[in-house]
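Notebook open, structure loaded. I want to go through the sheets, then the metal site, and jot down what I find.

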Amino acid sequence: MPQESHRRLVQELTSRGYNAEREAVTLLANAGNPELAAEAAADAAGDAFVVTVDHARTALEDDLLGGDPDSEATPDELSHPETPEGAPDLAEKVPTDMGGENDPTPAEELLTDDGDSSPESAEAGRDGSVVSTGAKNSENRSKEAGSGVETEGSTNSSSPTATADAVGNRSPPAPEIANDVTGRSTGTGQYEEFVGTFQDRYERLSGLLRGRVNHRPAEAIQSMPGGSDAEMIGLVDDIRSTASGHWIVELEDTTGTFPCLIMKDRAFAPLVDDLLLDECLAVQGTLADDGGIMFVDSLHFPDVPRTHKPNTADRHVQAALISDVHVGSQEFAQGAWDRFAEWLHTPEAKSVEYLLIGGDMVEGVGVYPDQDEELDIVDIYEQYEAFAEELKKVPGDMEIVMIPGNHDAVRLAEPQPAFTEELRDIMSAHDARFTGNPSTVTVEGVSVLMYHGVSLDEVIAELPEEKASYDEPHKAMYQLLKKRHVAPQYGGHTRVAPEETDYLVIDEVPDVFHTGHVHKLGWGKYHNVLAVNSGCWQEQTDFQKSVNIDPDYGYAPILDLDTLDMTVRKFV
Ligand code: D5M
Ligand code: FE
Ligand code: ZN
């Protein structure tokens, strides 16, 4: 067990977005003032994600031995970019002529709401023990015992190893990876850089809407006479209600902002509840007599075309979609994991050739207050070593793809780059593929948008219960698909890093959208895109108990890549 001073130091560093080498922690903990040492070490580490022994030495030389209390270290701005209240002004430092491009994206539906309101009941498989979703079961999250989810035998929990594989004949083609920020991060964390990110977001999302409205720049609308018809595409800059209960949605493009009034009695008024700041919208309407506001007649989201036809594999092959393993936590569900890994070695799982892991491999250190009280392994590297041991139990001939989550030792701000070389080395047994969060991973022709899911907390907090809730996490995912952005709202709970490209935009409609993070299992189809939130491998933590989160642990959603039907297997 490390000393209390070590823990505090590690916590201090992680709260600033850094992990630390064990020796660095020891060095810093022995300093006269460990707190100041942590600050100085963070300063010395700069853009790095891990505080090394060298950083610690520099910190001790420069700051602590001199005991200079004025040497305030600032946290690394890239790891923790400033998140001021609102998004930066899009028009800042931006040429004003951005309204002319016309992307011929086909027009899609008007006034769509969440588009999937036909949940269908669980359908038992032939043996009454497997629940699947396919074209018919567009939603399904029944998981109780006897409800149809397969429970895997709990009799033998010996741990097979990669070499002792009973199947042994998988040879899946390598997945293709796109939209990965790894190695391409351009941001240094300066506030001004967000202007570029938002400009890119606006360009790409407005491109999806330009076929549907004849966009005029805000500046042009401002000088149009009262009573004119007007159409505009903008990012939501503000949402407020009027004294009489109508809504004013302020839209911003690269030339300025314009207020749009949504009357409370319009059929689409309830859609205002679904809006998040900084998402992209198109409106059509008429200007008031004085030309100062637009009365909105229709509202459009970038959305997924209802006609979207997902790709499928041309052979029978399956992928297990999991996330949130949380190795290192006292609540890691070891038994369930072992049974899952063991099942993968059985003939029944021989078609499961891919394992996609959506982040939170380990529990991490200092992620949440008081988290250390529930750690089984307190050293972050030892956690990855333990995770690597768990991974070795999975058949060696499976293709594994991993993205990081908010508990992992990469920068917290999204898009998160893939695991560093050092961590990859630790997890190297399988020759897994490591990619950023989010990334699009194409397996057997099926594109899977993998995103850890931190923004789901925000979508669930902001939207009405029936649109997004912890019990139906897939519905929160539908909202992200509709907004064509995995983390629309800036400056809140989800940390966003400024990049020249907004990697969080959902450019191409994926065939499958896979998230985790909220530790709840839920899946369903939204305009033919299968959305899967994959549960976790961690039993309820004290925090979760205190806020009544009842995690779905020990389930493995198994996706048929040839039909996009899903089967959930239960290992608890
Ligand atoms: O988070 C799992 C889920 O639990 C996710 O919905 C966030 C929530 N969670 C867990 N711990 C906390 C604390 N301490 N504060 C706020 N929200 C929390 P994961 O990050 O995957 O563990
Ligand atoms: Fe998690
Ligand atoms: Zn998480």
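How many bridges join β18 to strand β19? I looked it up and got six, with the two strands running antiparallel. β19 covers residues 529-534. For a landmark in this pair, I noted that G524 stands opposite A531 in β19. Reminder to self: this is a predicted model.

**Entry: the open sheet**

I then traced the sheet that these two strands belong to. It is an open sheet of six strands, and I wrote the order down as β5-β15-β16-β17-β19-β18, with mixed pairing. The edges are β5 (176-178) and β18; each has a single partner strand, so one side of each has no neighbour in the sheet. On average, neighbouring strands here are turned by 20 degrees against each other, direction ignored. I also checked helix α11 (residues 473-483), which lies across β17, β18 and β19. Its run makes about 40 degrees with β18.

**Entry: the barrel**

Next I followed β6-β7-β8-β10-β9 and found a closed barrel of five strands, again with mixed pairing. The twist from one strand to the next averages 55 degrees. I looked at how β6 (residues 229-241) meets β9 (residues 280-287): seven bridges, antiparallel. M232 has V283 in β9 as its bridge partner. Helix α5 (residues 193-209) packs on this sheet and touches β6, β7 (247-253), β9 and β10 (294-300). The direction of α5 makes about 130 degrees with that of β6.

**Entry: β12, β13, β14**

Here I wanted the parallel strands. β12 (residues 352-357) is joined to β13 by four bridges, and the two run parallel. I357 finds its bridge partner in β13 at M402. Between the two strands the chain goes through helix α8 (residues 380-392), and I noted the β-α-β crossover as right-handed.

β13 also pairs with β14 (residues 433-434), in the parallel sense, over two bridges. M402 turns up again in this pairing, with F434 as its bridge partner in β14. From β13 the chain crosses through helix α9 (residues 421-426) to β14, and this crossover is right-handed as well.

Which way do the β13 side chains point? E399 and V401 go one way, I400 and M402 the other, and all are buried. That fits the rule that side chains in a regular strand alternate between the two faces of the sheet.

**Entry: the metals**

Which residues hold the zinc ion (ligand 3)? I listed D360 (OD), N406 (OD1), H452 (NE2) and H517 (ND1) as its protein donors, at 2.1 to 2.3 Å. Along the sequence these donors are spaced D-x45-N-x45-H-x64-H. D360 does double duty, bridging the zinc ion and the iron ion (ligand 2), which lie 3.2 Å apart.

I then checked where the two histidines sit. H452 is in the loop between β16 (446-450) and α10 (454-462), while H517 is in the loop between β17 (512-515) and β18 (521-526), so the pair ties together parts that are 65 residues apart in sequence.

Buried or exposed, I asked of H452. Its relative accessibility is 0%, so H452 counts as buried. H517 comes out at 8% relative accessible area; the cut-off for buried is under 20%, so H517 is buried.

Definitions and conventions: Residues are numbered from 1 along each chain as its sequence is written. Chains are lettered from A and ligands numbered from 1 in the order in which they are written. This is a predicted model: local features need pLDDT of at least 70, side-chain atom pairs count only at pLDDT 80 or more; totals for chains, interfaces and linings use all residues. Side-chain values use heavy atoms; hydrogens and water are left out. Buried means under 20% relative accessible area, exposed over 50%, partly exposed in between (1.4 Å probe, protein chains only). Two strands pair if DSSP finds at least two bridges between them. A crossover is right-handed if, with the strands pointing away from the viewer, the path from the first strand over the helix to the second runs clockwise. Donors are N, O and S atoms within 2.8 Å of the metal (3.2 Å for Na, K and Ca); water is not among the atoms, so sites may look incomplete. Axes are lines fitted to C-alpha atoms, for helices over the stretch in contact, and angles run from 0 to 180 degrees between N-to-C directions. Contact means heavy atoms within 4.5 Å.
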